[in-house]
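Student: I'm new to this one and could use a guide. Could you take a close look at one part, then tell me what else goes on around it?

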Amino acid sequence: MRRAAATILRKDLRLERRTGETVPAMALFTLTAFVLFHFGLQRGELDGELAAGVLLVTLLLASVLGVTRLFAAEQEEGGLDAFLLSPADRTALLVAKAAALFLFLAALELVAVPVFAVILLGPGPSAGTWLEVAGILALLDLGLAVVGTLVSALAAQTRARELIAPIVGLPLLVPALIAAAHALAPLLYAGAPGAVPGRWLAVLGLYDSVFALLAYALFDFLLED
Amino acid sequence: MGAGAPPAIEVAGLARRHGERRALSGVSFAVPAGATLAVFGANGAGKSTLLRVLASLLRPHAGTVRVLGEELPRAAWKVRGRVGFAGHEPLLYRALSPRENLTYHARLHSTGAERVEAVLAEAGLRARAEDPVRTLSRGMVQRLAVCRAVLHDPEILLLDEPRANLDPAGAAALAPLLAGRTTVLTSHDPARGLAGADLALGLAGGRQAFLAPAAELSASDVERLYA
Amino acid sequence: MHGTRLRGLSILTVLTIGTALVLVFFYAPNEADQGFVQKIFYLHVPLAIVALGGFVFGGIQAIQHLRTRETRYDLRSYVAIHLSLILAVGVLLTGSIWAKASWGHWWVWDEPTLVSFLIVFLLYATYQPLRFAIEDPERQARYASVFAVVAGAFVPLNFIAVRLAQNLVHPRVLGTTGGNMPGSMRLTFLISLAGMVLLFATLWKYEMASKNAAMQLKKLRRRLLEREPQPV
């Protein structure tokens, strides 16, 4: 299973490097959204809860928009059939796609978060705190990756694919957003940051675990015919 | 092919719905190991559906399907590595090269890289092995698709209109790769289809119109399906 | 199959709801702070409890469907979710009315049940669009079941997150006088709850019977059409 998952992941990364369909579009969307927020909120500097909210909601929307491509490409080029014909374990596809989405999100954040810090964030936290920010984002990305893969697979074979994925995915992501926002907000104040309430990391962890289990149990049903 | 050896493919009373419509109904046949079955029928008669059921891409809604002694879909996982399928779609990534595509499939099937090179050479695709698939002609794409189907050296081969888009050179290049396997293929060319087959199955509206050794049928028997 | 016992159940439902209404208006005391308007509690909370139960029931039927592939489980799941969605709208409406009457705002973010229901509603509102976006009936049922299971597991997770996000210092906005409900209120509440459960069960059975009949009709019609000679 691991080898098949690695093979699929490598293929997806190679395809993304070569065609660049997903990450650049998500990045562009994110940066544009920051600009929209600046003008919409009429603020040049954000901190604390407002900053966490703008950053996280933008990332969430970007991820859900990018998620439709995850399986759509397989759908269009018949890659799904090719995988189903092989003796590879079905779960390998779930693991590979979730891992790919996680890496895409990480790549997105590597660009988006510094830009956010520069153009929208106020004085902002110290260097060490950024590590904690990264940790929270990583936990969130895990949840985004699993839910995104599940929703993408669900939407891939439907008619209004680009609409179904967001409207199903976004409500599902609300608990993760709540937890991430509450965890992130204290860190985005200038100077001495607030402590991250461990409770919210626990909620994020619970969320990730529950959805990972659900995805593992249900994914096969989305693949067969 | 010894006498008394179980058939490579056994289908009995196969039925498959597509929504309200009957895509396949009451289809029954057996293909001995090493034999070739040609499936004829007009568009929409159920040929592609039948092949996809045999490939375990679709599950039967009624009846039994046995491939290499294993019942589908329950034991499909046991035979996936021993069946090759080339359908309407080439199942290739257009942005990747032939070599990359075949290597990907080889790894999924736990097949070695040498086999990829051997198949590329045999099919005459060595020269274009590094170019993205979207730059290849339709004939070459079809050749590559068949390569993908035989890459893991399957005992059973399922080909949906294998001659589509192929030039005579391409067909000739592929012939050795296809030989020696139990084959089920669909065909729109009655004369040629019958010539290359041991058994012939005719489908009309999902139902079995005829099943007979190819030698006993003439092209006009098949053409009646298109009336 | 579902039409049997429907009349008896309907009568029982009407009786229970009638009793509940009598109790609510003539027996249960007016609450000290909120006055008469608090009585909407007897509608709002049973709606919420039964809607949640309906979503969970829909999820369980969906699991059965995925395990056995029998379409009757899918139908049960669909009807349960469909009805619960309507109830959820009722929760939002009654909650909003209660908030307006008690606090002067049509919406309060501090009430965890109301907020959770908003999110749950947004999720389950996608159930039917999802189904209609898939043409093949077998796949439609299968995907709907996957959705129902995910959504069913999501509901408690969502409640936890929303509840934790409430400012814990601020007391529950829409509640009754703490946990100590006087006996008369408790009785009224239980009867109201029973009435709501029975109403859901009756509507569910009614819709199941109706849909089953429609399906049988379609099946017979299909069989009739296939008897006609096919051109070869």
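Tutor: Let's get one word straight to begin with: a residue is buried if its relative accessible area is under 20%, exposed if over 50%, and partly exposed in between, using a 1.4 Å probe and protein chains only. Gln61(C) has a relative accessible area of 7%, so it counts as buried.

Before we go on, this is a predicted model, where local features need pLDDT of at least 70 and side-chain atom pairs count only at pLDDT 80 or more, while totals for chains, interfaces and linings use all residues. Residues are numbered from 1 along each chain as its sequence is written, chains are lettered from A and ligands numbered from 1 in the order in which they are written, and side-chain values use heavy atoms, with hydrogens and water left out.

Back to our residue. Gln61(C) sits in helix α2 (residues 41-68) of chain C; helices here are DSSP runs of H or I with at least four residues, strands are E runs of at least two, and both are numbered from the N terminus. If you skip its neighbours within four places in sequence, Gln61(C) is in contact with Tyr73(C), Arg76(C) and Ser77(C), contact meaning heavy atoms within 4.5 Å.

Now zoom out to the chain around it. Chain C has 7 helices and 0 strands, and 48% of its 232 residues are buried. Of the contacts in chain C with a separation of 6 or more, 80% are between residues 24 or more positions apart.

Next, the rings. Rings of Phe, Tyr and Trp (its six-membered ring) pair if their centres lie within 6.5 Å; planes under 30 degrees apart are stacked, over 60 edge-to-face, and the rest tilted. Searching the whole structure turns up 14 aromatic pairs over all chains. In one of them, Phe34(A) and Phe116(A) have ring centres 5.2 Å apart and planes at 50°, so the pair is tilted. Phe34(A) belongs to helix α2 (residues 23-41) of chain A and Phe116(A) to helix α5 (residues 90-119) of chain A, so this pair ties together parts 82 residues apart in sequence. Phe34(A) is buried at 0%, and Phe116(A) is buried at 1%.

In chain C, Tyr124(C) and Phe147(C) have ring centres 6.2 Å apart and planes at 85°, so that pair is edge-to-face. Tyr124(C) is in helix α4 (residues 112-124) and Phe147(C) in helix α6 (residues 137-165) of chain C, so parts 23 residues apart in sequence are tied together. Both Tyr124(C) and Phe147(C) are buried. Ring pairs also link these two with Phe55(C), Tyr78(C) and Tyr127(C) into a cluster.

Last stop: where chains A and B touch. Here 25 residues of chain A are in contact with 24 residues of chain B. The area buried between chain A and chain B is about 2400 Å², with carbon and sulfur atoms giving 58%; buried area is the accessible area (1.4 Å probe) that two parts lose on being put together, summed over both. Glu77(A), Leu85(A) and Asp225(A) supply 29% of what chain A buries against chain B, more than any other three residues. A salt bridge puts a side-chain nitrogen of Lys or Arg within 4 Å of a carboxyl oxygen of Asp or Glu, and the rule finds 4 across this interface. One of them joins Arg18(A) and Glu100(B) at 2.6 Å, N to O.
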